[in-house]
Structure formats: C-alpha cells, structure tokens
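Ready for some practice at reading a protein model? Here are a few short exercises, each with a worked solution.

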Amino acid sequence: MASSGEDISNDDDDMHPAAAGVHLLGFSDEILLHILSHVPSTDLILNVRRTCRKLAALCLDKSLIHTVLLQKDYQASEDKVRQLVKEIGREIQQLSMAGCYWLPGSTVEHVARCRSLVKVNLSGCHLTSLRLSKMLSALQHLRSLAIDVSPGFDASQLSSECKATLSRVRELKQTLFTPSYGVVPCCTSLEKLLLYFEILDRTREGAILSGQLMVGQSNVPHYQNLRVFYARLAPGYINQEVVRLYLAVLSDRTPQNLHAFLISVPGSFAESGATKNLLDSMARNVALDALQLPKSWLNGSSLLQHMKFNNPFYFSFSRCTLSGGHLIQQVINGGKDLRSLASLNLSGCVHCLSPDSLLRKAEDDIDSSILETLVASCCNLRHLNLSAAHHHSSEGLGRHLCQLLARLRHLRSLSLPVCSVADSAPRADRAPAQPAMHAVPRGFGKKVRVGVQSCPSPFSGQAGPQPSSVFWSLLKNLPFLEHLELIGSNFSSAMPRNEPAIRNSLPPCSRAQSVGDSEVAAIGQLAFLRHLTLAQLPSVLTGSGLVSIGLQCQQLRSLSLANLGMMGKVVYMPALSDMLKHCKRLRDLRLEQPYFSANAQFFQALSQCPSLQRLCLVSRSGTLQPDAVLAFMARCLHVVMCHLFTGESLATCKSLQQSLLRSFQAERPALNVVIFPLLHEGLTDVIRDVPLVHLDEITLFKSRVAEEPPNLWW
C-alpha cells in the first residue's frame with residue numbers, strides 16, 4: 001500500500017498519518033474520499049480500485065464518478081479512456097475532455113456510451129460532423145455542451161435525433177476554426193452562449209477566407225432565452241466579420257433575460273448600425289451583471305451612463321480611454337456601493353486613475369482619490385487588473401497605490417505595472433537607484449551568454465525584502481493572493497499572435513528602475529501563490545529574490561519570467577537555477593529572455609522540478625544544446641509540451657524536434673514539441689498547429705488576471 005499512498009498524494013494534499021504505524025485504510029471514509037478526489041479518474045478506476053476491497057468500493061462512490069475530468073490528464077491514453085468509459089460510463093453525469101487533442105475521434109466517440117451525461121466538454125477534441133451526430137444522438141439528457149467547429153463541418157449531416165438533443169441544450173461553448181454557425185441554430189433553448197473565434201484569415205494554401213462562406217447556412221440563432229452572451233476573438237478581420245453575423249440577430253431583438261454581455265476583441269472593432277441598435281436596445285430593456293465591450297464602442301461614448309446594472313460581478317474596460325472621472329461617475333455612480341463586483345479589468349486603461357484623459361500625459365501621477373473611491377466602493381474585489389499603464393503615485397502619507405490596494409483583503413489575483421509598485425518619484429535629497437546597466441561590467445559591449453561567469457557570485461550582498469517598502473506592505477496585507485502579475489508598462493512579447501516576431505521593444509518606464517531584487521524577494525511572503533508573472537524588470541541585478549520565492553512559495557504551479565535585468569545579458573541564471581531546486585510543484589514554465597543560452601546548466605536545474613509538464617522558451621538570438629534538451633526530457637517523465645523558439649538554425653531545430661518525437665512520443669501520447677527559429681518567416685504557419693490549450697495558456701504571453709468572468713464555464 002505504500003506505493004498507492006504515494007500515487008494518491010501526487011497533487012495538492014500530501015498524506016502524513018498522525019502517528020507512526022497508522023495505516024492509510026485506518027482513516028475514515030470521508031477522509032479517504034477527499035484524498036481519492038485528487039487522483040486522476042483513469043488512475044482511480046484502472047489502478048487504485050484494484051488494490052483492495054475497501055478502496056474498490058470507495059472508488060465507485062458517486063461523489064468520485066459523477067464528475068470525470070480528463071483535461072490535463074496527459075497520461076490518459078486511448079486504451080485508458082476506452083476502458084474508463086466501459087467500466088463507469090453509465091454513471092458519469094459530467095465529463096470534461098477539454099484539450100485532449102491527442103485522442104483520436106474514434107476514441108472520443110465512446111462518449112456516446114455515457115448515456116446519463118448532462119454536461120460534456122469536448123473543446124480541443126477531434127470530431128467530424130458525423131461522429132458528433134452519432135454521439136449526441138445517444139445523449140438525451142444533455143444540457144451543457146462544448147465543442148470545436150473545424151473546417152469541413154457540415155450541419156446538414158446532423159441527424160434528427162442529434163438535433164433533438166441540441167434543442168434541449170441550455171449552455172453551449174463553441175470554438176470556431178472556420179466561418180460557420182456551427183450547431184447554434186439547432187440549440188433552440190440556449191441560455192448561455194460562449195463563442196471563441198480562432199479563424200485564420202488565410203488557408204494553408206494562401207486562400208483568403210470570408211464570412212460569405214456562411215451564406216446559405218441556417219442563420220436563425222434562437223436567442224430569446226439567452227442570459228449570457230460571450231465572444232472572444234483572436235486577431236484577424238475574418239473573426240470580426242463572422243461575429244457580426246452572430247450579433248445581427250441580437251440587434252433585431254434583445255433577450256429580456258440577458259444579464260451578461262461580453263465581447264473581447266484585440267485591436268479595433270468598428271461599430272456598425274446593427275451594433276448601435278443592439279446597445280441602444282440593451283440600455284433600454286435589460287439590467288446587466290457583467291459587461292465587456294470593444295474599446296472603440298466605448299471611447300468617446302456616453303453609453304455607460306445609460307446602461308443599467310443590477311448586481312454586477314464583472315466589468316472589463318480593457319484598453320479603453322476611460323478617464324477616472326468617467327469611471328467614478330458612470331460606472332461607480334459617484335461612489336455607489338458595488339460590493340457585488342468580484343472582478344474588474346482595467347488593463348491598458350492609461351487614464352482610468354486620473355480625472356481627465358485629455359490633459360494628462362501617460363507618465364503623470366495618478367489621482368489617489370479616484371483609486372480610494374474605487375477601493376471603498378468595490379470592497380469585495382477578488383480579481384483586479386491594472387496592467388499595461390503607467391500608474392505613478394505621488395508623495396503623500398497613505399496615498400500610494402499599494403497602500404490603497406492593501407485595503408482589498410479579499411483579493412486573490414492581481415496584475416500591476418512594474419512602475420506602480422515603486423515607492424515614489426526620485427527626489428533630489430534621495431540617492432538615485434542604481435541603474436541596471438551598472439549591474440555587470442559592460443566590457444566592450446559584447447553580448448554575454450548564460451554559462452559564462454562574467455561577475456562575482458550574484459548572491460554576495462543579497463537584498464532582502466524591505467519592511468518599509470509599500471510593495472512589501474501590500475503583499476503582507478494580501479496573504480491569500482494566489483495569482484500575481486508584475487508586467488512592465490511598455491512590455492510587448494517577442495512572439496505575438498498571427499504576426500512575425502517582434503524584433504525591437506520599447507524601453508521600460510523610468511520609475512521601474514527602482515524596482516529590483518528586493519521587491520521580487522517580497523513576493524516570498526505569499527505562501528498560497530500558485531501563478532506568478534514577472535516581465536520587464538530592468539533593475540533585477542542578480543535575481544536573488546527568485547530564490548526567496550522558490551523557498552517560500554511552495555504552492556507555485558506556473559511561472560512566467562520575461563526580460564529581467566539587462567536585455568543583452570542574463571545575469572540571474574545562477575539564482576534561477578537555485579530557485580528551481582525548490583519548485584517541487586511547478587508545472588508550467590515560460591521564459592522569455594534575449595540572448596538566453598539553454599545549456600546543460602539550465603536543463604540540469606530544470607530537471608529538479610519533478611512535476612513539470614510544460615516548458616516554453618522564447619529567446620531572440622538565444623541558443624540551445626540539443627544533447628541537454630534530450631537528457632532533460634529523459635529525466636522529466638511528465639513533460640508533455642516543449643516549445644523552444646531561439647536563434648538556432650532551422651536545420652538544428654528540425655533535427656532536435658524529430659529526435660524528441662522519435663524518442664518520447666510512444667510513451668507520452670500527449671507530447672507536443674515545437675522547436676523553431678524565433679525570427680523565421682514560417683513561424684506563423686508553425687504556430688497554427690499548436691493545440692489551442694497550450695497556445696492560449698502558456699506559449700503566447702498575455703495578462704490573465706480578470707481576463708474572463710469568474711466561473712464562466714464549469
């Protein structure tokens with residue numbers, strides 16, 4: 001039983017019996033069921049259940065098999081999934097196979113045996129129209145469905161039994177990879193509709209796509225019962241063209257029960273006559289609880305002051321030119337009680353903390369009274385995003401942004417620009433912060449690569465967290481924070497979506513020069529931290545703060561580091577190596593740094609992260625050692641995603657990618673390897689083949705705090 005105990009404790013809760021000699025089975029059934037709830041379903045049914053009679057009975061408890069989650073169970077092979085469905089399929093009522101891209105359609109089709117299903121999530125799974133029809137025809141109790149609509153989808157191939165099932169579906173999440181209405185016209189009882197538009201402007205052959213391909217398809221979505229409408233668009237004109245066709249029906253008749261209307265669009269999205277009619281109708285007829293609109297629909301508009309809100313729980317005004325004055329007057333209504341608001345996204349709202357957007361420069365100090373009103377009104381906020389803006393605090397006792405945010409004791413996720421956590425503006429009577437360029441001797445300007453000792457030990461004279469700093473105090477007052485992002489105001493990733501890699505980036509904000517190792521070390525106070533992003537911190541000299549995080553943040557699951565310290569030198573490698581030794585639960589690592597050398601030293605340190613599953617490295621002019629990568633993959637048996645975008649040649653990248661697939665694909669069914677030159681013109685075509693679950697969660701850099709309403713999908 002010792003080995004079973006080790007298997008059972010492989011996630012969030014380690015088992016430590018209260019006294020020596022206490023056997024695992026001596027625990028009560030309630031405790032054992034809680035422990036077993038953290039075991040992947042495939043292991044639970046196919047392995048743990050076979051160990052003894054007591055566990056065999058417990059493993060079939062309804063609380064464990066009522067809901068089966070296979071997403072990110074990367075060891076769930078075809079045979080395991082088929083056997084799982086065969087043994088408990090009739091008992092499953094909720095099944096998520098989201099992101100199981102490695103399972104063929106013939107295996108996904110076995111879901112039809114789970115005839116009691118009420119909810120099923122098949123996003124990211126391979127399904128043809130015929131297979132989908134056959135499967136849904138057998139699921140008469142289905143009420144919630146998530147699917148992909150890929151090229152070749154044909155709604156005319158759906159049987160009458162399938163359409164009958166769809167007519168009873170109340171929640172639909174549909175990811176579109178081709179211009180189509182998908183199954184929306186068949187869902188006549190829809191209450192929640194989530195649409196993800198991932199259509200590329202061109203086919204692989206170079207043909208330009210058009211929304212006109214949808215002409216002739218059934219175009220009468222049934223929105224009369226709709227309560228939630230959400231649309232997220234990837235970059236590209238085709239996605240905007242297609243979403244307009246979905247919105248056209250809404251503009252004719254707005255559902256009376258609509259309480260959440262959210263459209264997330266990168267860049268500009270011109271308002272049309274139909275959308276104006278829709279917004280006017282919403283302002284007259286509905287009271288919303290959640291709102292997100294394209295920035296061009298809000299900028300310069302008086303729309304917000306006409307909108308009615310009931311008990312709002314989510315607002316996103318990302319990238320809007322909303323001034324602090326308008327925020328207070330039109331959204332918070334001069335200090336109205338908004339205790340119901342749980343999530344607020346003001347990312348890229350450069351003027352949202354100043355009274356007027358016309359006269360203010362981006363680098364001017366914020367008006368702390370606006371933030372104070374916001375904090376007082378929205379005292380129960382759990383998720384707050386203020387990134388992608390310059391929020392500079394002026395001198396004044398208790399008026400610093402960090403001091404005001406410290407009052408939001410319910411915060412669980414927070415995204416801030418780096419310059420906003422600086423103590424204050426430099427003063428004549430204060431010694432200036434040492435600029436990052438003095439961290440390491442520049443020599444003759446030669447680029448320094450990782451692995452070459454260019455300075456004394458970076459741990460001599462480590463800077464610890466300063467109790468007097470406002471950032472240290474902020475984190476002390478938010479001990480339960482789980483997700484933290486510190487992102488430079490001018491940071492842009494070298495690898496954007498559907499475009500060539502960015503070669504140049506804007507310099508960091510001058511205020512960010514005073515944010516360095518001691519502020520990074522302060523993050524070590526967050527014992528419950530699970531997700532951390534640090535980007536564009538130019539004054540990180542040695543990275544000593546990273547070691548504090550590794551030692552004290554034992555719950556850390558995902559780590560994203562980008563452009564720390566000097567752009568031409570990687571001086572924090574020894575500290576990063578030391579940090580990784582302590583990250584026993586780290587699953588995802590994204591590292592973006594020019595001139596990074598992914599050598600044996602780096603991969604040896606990374607090998608000490610036993611839970612690591614996904615790795616993404618983005619490095620302009622960076623290098624890698626193929627032998628070190630192969631050795632790392634052989635040691636880290638759970639790694640299923642390896643994306644390396646460096647300055648290596650195409651031949652080197654292809655050779656290494658083929659070697660990795662040849663060596664590990666058979667034993668790791670979910671293995672996804674992409675190794676490619678970052679600045680190669682073919683990068684866009686390579687990216688389009690990456691499974692969306694990886695592309696969206698780790699490969700592409702973005703702020704994820706308050707990106708979507710909480711609990712948008714089950």
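**Exercise 1.** Work out which residues of strand 21 sit on its two faces, and whether they are buried or exposed.

*Solution.* Start with one side: Met 641, His 643 and Phe 645 are found there, and Cys 642, Leu 644 and Thr 646 are on the other. Now check the cover: all of these are buried, where buried means under 20% relative accessible area, with a 1.4 Å probe and protein chains only. So that you can find your way: this is a predicted model, where local features need pLDDT of at least 70 and side-chain atom pairs count only at pLDDT 80 or more, while totals for chains, interfaces and linings use all residues. Residues are numbered from 1 along each chain as its sequence is written, and side-chain values use heavy atoms, with hydrogens and water left out.

**Exercise 2.** Find which strands pair with strand 21, and how the chain gets from strand 21 to strand 22.

*Solution.* First, strand 19 (residues 614-618) runs parallel to strand 21, joined by 5 bridges. Strands here are DSSP runs (E, at least two residues), helices are H or I runs of at least four, and both are numbered from the N terminus; two strands pair if DSSP finds at least two bridges between them. Next, strand 22 (residues 672-677) is also parallel to strand 21, with 6 bridges. Then look at His 643: Cys 616 is its bridge partner, and Val 674 in strand 22 stands opposite it. Last, the chain crosses from strand 21 through helix 23 (residues 650-664) to strand 22 in a right-handed β-α-β crossover (clockwise from the first strand over the helix to the second, with the strands pointing away from the viewer).

**Exercise 3.** Say how Phe 491 and Phe 701 are arranged, and why the pair ties together distant parts of the sequence.

*Solution.* Begin with the geometry: their centres are 4.8 Å apart, with 70° between the planes, an edge-to-face aromatic pair. (Rings of Phe, Tyr and Trp, the last by its six-membered ring, pair if their centres lie within 6.5 Å; planes under 30 degrees apart count as stacked, over 60 as edge-to-face and the rest as tilted.) Then place them: Phe 491 lies in the loop between strand 14 (483-487) and helix 18 (517-522), and Phe 701 in the segment after helix 25 (692-699), so the pair links parts 210 residues apart in sequence. Both Phe 491 and Phe 701 are buried.

**Exercise 4.** Name the residues of the aromatic cluster that includes Phe 596.

*Solution.* The cluster holds Phe 596, Phe 602, Phe 603 and Phe 632.

Definitions and conventions. Buried means under 20% relative accessible area, exposed over 50%, partly exposed in between (1.4 Å probe, protein chains only).
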